[in-house]
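Subject: Structure handover

Hello,

Here is the structure I promised to pass on. Please open it first, then read my notes below.

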Amino acid sequence: MKSRDLLTTPVVIVTGYTLTSLPNGKYRHQFTPQSTSTLYQFDGNAERVLSEGARYNIGYRVENGANIVDMAATAKADNVDPAVSYYVAVQLGAQNAPINTAKSDSRVIHRGTGKHLGKKYAWRIYGMVVVRKTFDEYLEKIGHPTVVCTTDGSPSIAYLDSGIDVAMRNLMASLVHVSGNRYRSPLLPDRKWFNIKGITAITEKK
C-alpha cells in the first residue's frame, strides 16, 4: 500500500464489530460506523482491537472497492496519540510532496547548493503534526541549514531538504506529555509546551 492512498474519517463510533476466520489462519475484522452502513475491515489476529461503541479516528485505504483500515493510522478520537498523529502526518506529507516540491521549486528562488524547500512547503511535507510556528522554531533552535531566498518576490529563508525528516523523528522521540495534546521536549527548551495535532486536525492549514 502506498502513502498517497491514505484516507481518514473522523469520529467513527464502531458498531457491529465482527470477526470471521480466514483460511490463512487470520481473522477478518469488520465494523460499520453508528450513523452509516459503510463497511470497514482489516485482517488480524483473533483478539479484538477496537471496542464496540467507542469513538475512533479511522485511517484507511480503498482496495478493490473495500475500505481497508490502517491500524497504524487509527486511534481513539478522545485522545491524541503522538505516534499515530506523526504517522498520519508523514503519510499525508508524502502524498502531497510532489505538488509541494513543485510549488517550492517554482516560487522559491535561492543560490544555495542542494535541494532546498520554502518554509511553508517544508512544513507541509515534514511537519504537519505540529503547527507551522512550532516547526519553524524547532528547526531554528537545532540550527537546521538554511539559505536566504525570495518566495514570490518576498525575502525569506529556505530549508535544506536533507535531514528534516530525521529532525522531526528526533523531536517526536523526545516528547514528554504535559496534559491533553500538550507536550514538551528538551529539544525545544524555551517552550513550556506545544500541541501535537489529533489526526483530524492534520491539514495544510497552519
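Start with charge. The chain carries 26 positive and 17 negative charges, and their mean positions lie 5 Å apart. Keep in mind that this is a predicted model, and every value here is computed from it.

Now the overall picture. The chain has 5 helices and 13 strands. Its C-alpha trace spans about 60 × 40 × 30 Å along the principal axes. Of the 206 residues, 40% count as buried. The exposed surface comes to about 11000 Å², and carbon and sulfur atoms supply 50% of that area. Contacts reach far along the sequence, too. Take those in the chain with a separation of 6 or more: 52% of them come from residues 24 or more positions apart.

Thr9 is a good example of a residue with distant partners. Thr9 sits in strand β1, which covers residues 7–21. What does Thr9 touch, leaving aside neighbours within four places in sequence? The partners are Tyr40, Tyr56, Asn57, Ile58 and Tyr60. With Tyr40 there is a side-chain polar contact of 3.3 Å. With Ile58, the C-alpha atoms are 5.1 Å apart, although the two residues are 49 positions apart along the chain.

Next, the strands around β9. Strand β9 is made of residues 146–151, and 3 bridges link it to β7, residues 108–110. The two run antiparallel. Here Ile109 faces Thr150 of β9. Strand β9 also pairs with β10, residues 154–160, again in the antiparallel sense, this time over 6 bridges. In that pairing Cys149 stands opposite Ser156 of β10. What joins β9 to β10? The two form a hairpin with 2 residues between them. Look at Asp152 in the turn: its phi is positive, about 50°.

One more sheet is worth a look. It is open, has 3 strands in the order β11-β12-β13, and its pairing is antiparallel. Which strands lie at the edges? They are β11 (176–179) and β13 (194–195), each pairing on one side only. Strand β12 spans residues 182–184 and pairs with β11 over 3 bridges. Within that pairing, His177 has Tyr183 of β12 as its bridge partner.

A general point may help when you view these strands. Strands of a sheet pair through backbone hydrogen bonds, either parallel or antiparallel.

That is the handover.

Best wishes

Conventions:
Residues are numbered from 1 along each chain as its sequence is written. This is a predicted model: local features need pLDDT of at least 70, side-chain atom pairs count only at pLDDT 80 or more; totals for chains, interfaces and linings use all residues. Side-chain values use heavy atoms; hydrogens and water are left out. Helices (H or I, at least four residues) and strands (E, at least two) are DSSP runs, numbered from the N terminus. Contact means heavy atoms within 4.5 Å. A polar contact is a pair of N or O atoms within 3.5 Å; within protein, one must be able to donate a hydrogen and the other to accept it, and residues adjacent in sequence count only if both atoms are side-chain atoms. Two strands pair if DSSP finds at least two bridges between them. Buried means under 20% relative accessible area, exposed over 50%, partly exposed in between (1.4 Å probe, protein chains only). Accessible areas come from the Shrake-Rupley method with a 1.4 Å probe; for residues, only the protein chains shown count as cover. Lys and Arg count as positive and Asp and Glu as negative; His and the chain ends are not counted. The place of a charge is taken as NZ of Lys, CZ of Arg, CG of Asp or CD of Glu.
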